[in-house]
Amino acid sequence: MSHAAVAGPVPAAAPAPARSFWAWARPLAGIAVLAALVWSVGTGPFLAGLRLIDAPALAAALGIGAITTVCCAWRWSLVAGGLGVRLPLRAAVAHCYRAVFLNSTLPGGVLGDVHRAVRHGRDAGDVARGVRAVVWERTAGQVVQLVIAVAVLAALPSPVRPYLPAVAAGLAAVALALALAARAVPRSGASRWARAARTAVADVRAGLLARRTWLGVVTASAVVVAGHLATFVVAARTAGADAPLSRLVPLTLLALLAMGLPTNVGGFGPREGVAAWAFAAAGLTAAQGVATGTVYGALVLVASLPGAAVLLIHRRPVAEPGDCR
C-alpha cells in the first residue's frame, strides 16, 4: 500500500471533563513548582537573574535563536514533504518563529506548535496530515535530544550519571519493542487501531526514515539541541555561574530535558525546578540554578520576538463556520 493511500486516523474526542481537567492541571503543576521554589529560595534569584541580563547576552540569544529556528523549520519542511504536504522553507521559518513566540508566552508550551500544525494543514488541504507532520518532526527532535543527552550525561560528571546504564538499557528496550511492533503491524484490517498503526508506520518510513529526509532531520535536530545548550550556557554565565563547561553542560542539559514537560507557565516551572536541584546536587547552589533558568527563559522570549512580528503581519480574518480552507 502506498503512503498516499493511507488514510489518516480520526482520533476519538476525549470527554469534555477530562479535557477541562488536563487544561487546568498542566499550568497549575507549573505554578506549584514555581511556588515551591519561591518558598525555598525566595524571589531574589528570579529578580537577580533578570537584572543581570545584558546586551551581549541578548545579542547571542537572538543569533542562536535564528539558527535554531531555521533548523526547526528545515526539519519540519523535510518531514512535511515526506508526508506529501509540501512546505516551503521560507513559510516554515515564519510559522516556526510564530510558534516559538506563542510557546514562550502561553501556558503549556505547545500551543504554538498546535497552531502551526493546524494552520499548515488547512493551507495544504489536509489538516490530519499537517498535524501528523508536526507531531513527527517534534518527536524526531525529542528522540535526537534524548540520545545526545544520554551520551553527554554518560561522558561527563552529573548527578544522574550513576543511573545512566539503566536508562540506556531501558531506552534500547523501548526502541527494540517499537521496531518489533512496527514489523508486526497487520497489512489489512479495518479497526481503528489497525489503521492508526499502518498510518504511523507509513509516516515514519516516508517522513523520517526516507533516504532524502533522515540525514537532514538528524542534522537539524542536533544543531537545535546544540543551540539550546549554548543559550543555556550563556544564561548560566550571565547569572554568574563560573563552573567549567564540563561541569556546567550536563546541568543545563538536565534543565533542557525538563522543558519537554507540558506543565509550564510561559516556559517557567519545571525548568527552574530541575535547574535548582541539579545545580545544588552538583555542588553549586539552588539559587544559581533558579537564576540560570530565569535568564534562559528571558533570553528565549527575546529570541522569539520576531515571531510576534510575524503574528501581526500575517493576521487573517477568522474563517466562517463551515469554511474548510
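Which residues in helix 9 meet which residues in helix 10? Keep that in mind while you get your bearings; the model you have open is a predicted one.

**The whole chain**

Start with a cartoon view. You should see 13 helices and zero strands, so to speak an α-α-α-α-α-α-α-α-α-α-α-α-α pattern when read along the sequence. Colour by accessibility next: of the 325 residues, 41% count as buried. If you draw a contact map, take the contacts with a separation of 6 or more; 70% of them join residues 24 or more positions apart.

**Helix 9 against helix 10**

Now select helix 9 (214-238) and helix 10 (245-258), and show side chains. On the helix 9 side, pick V225, H228, L229, F232, V233, A236 and R237; their partners in helix 10 are L245, L248, V249, T252, L253, A255 and L256. That settles the opening question. Turn the view until you look across both axes: they come within 9 Å and cross at roughly 115°. An angle from 65 to 115 degrees counts as roughly perpendicular, which is why this pair gets that description. The crossing is right-handed.

**Helix 6 against helix 10**

Keep helix 10 and swap helix 9 for helix 6 (127-155). Here the axes come within 10 Å, with a crossing angle of roughly 150°. Angles over 145 degrees count as roughly antiparallel, and helices 6 and 10 are therefore described that way. This crossing is left-handed. For the side chains, select Q145, I148, A149, V152 and L153 in helix 6, then V249, P250, L253, L254, L256 and L257 in helix 10, which they meet.

**The nonpolar cores**

Stay with these helices and look at what they help to build. The largest nonpolar core has 31 residues, and L153, L229, L253, L256, F279 and L299 are those with the most contacts inside it. The elements giving it two or more residues are helix 3 (55-82), helix 6, helix 9, helix 10, helix 11 (270-281) and helix 12. Helix 10 gives the most, with seven residues.

Zoom in on L299. Setting aside neighbours within four places in sequence, L299 is in contact with I53, A57, L58, A61, T231, V234 and A235. Then move to a second, separate core of 23 residues; A80, L83, L208 and V224 are among its members.

**S304, between two helices**

Next, select S304. Where does S304 sit? Look in the loop between helix 12 (286-303) and helix 13 (305-313). Is S304 buried or exposed? Its relative accessible area is 0%, and buried means under 20%, so S304 is buried. Draw a distance from the side chain of S304 to the backbone oxygen of L301: a polar atom of that side chain lies 2.7 Å from the oxygen. Beyond residues up to four places away in sequence, S304 touches Y97, V100, F101 and S104.

**C96, in helix 4**

For the last stop, select C96, which belongs to helix 4 (residues 89-105). C96 counts as buried because its relative accessibility is 4%. Show what surrounds C96: leaving aside neighbours within four places in sequence, the contacts are T69, C72, A73, W76 and R116. Finish by drawing a C-alpha to C-alpha distance from C96 to W76; these two are 20 residues apart in sequence and 9.0 Å apart in space.

Methods
Residues are numbered from 1 along each chain as its sequence is written. This is a predicted model: local features need pLDDT of at least 70, side-chain atom pairs count only at pLDDT 80 or more; totals for chains, interfaces and linings use all residues. Side-chain values use heavy atoms; hydrogens and water are left out. Helices (H or I, at least four residues) and strands (E, at least two) are DSSP runs, numbered from the N terminus. Buried means under 20% relative accessible area, exposed over 50%, partly exposed in between (1.4 Å probe, protein chains only). A polar contact is a pair of N or O atoms within 3.5 Å; within protein, one must be able to donate a hydrogen and the other to accept it, and residues adjacent in sequence count only if both atoms are side-chain atoms. Contact means heavy atoms within 4.5 Å. A nonpolar core is a set of buried Ala, Val, Leu, Ile, Met, Phe, Trp, Tyr and Cys residues joined through side-chain atoms within 4.5 Å. Axes are lines fitted to C-alpha atoms, for helices over the stretch in contact, and angles run from 0 to 180 degrees between N-to-C directions. Angles under 35 degrees count as roughly parallel, over 145 as roughly antiparallel, 65 to 115 as roughly perpendicular and the rest as oblique. A crossing is left-handed if the near helix is turned anticlockwise from the far one by less than a right angle, and right-handed if clockwise.
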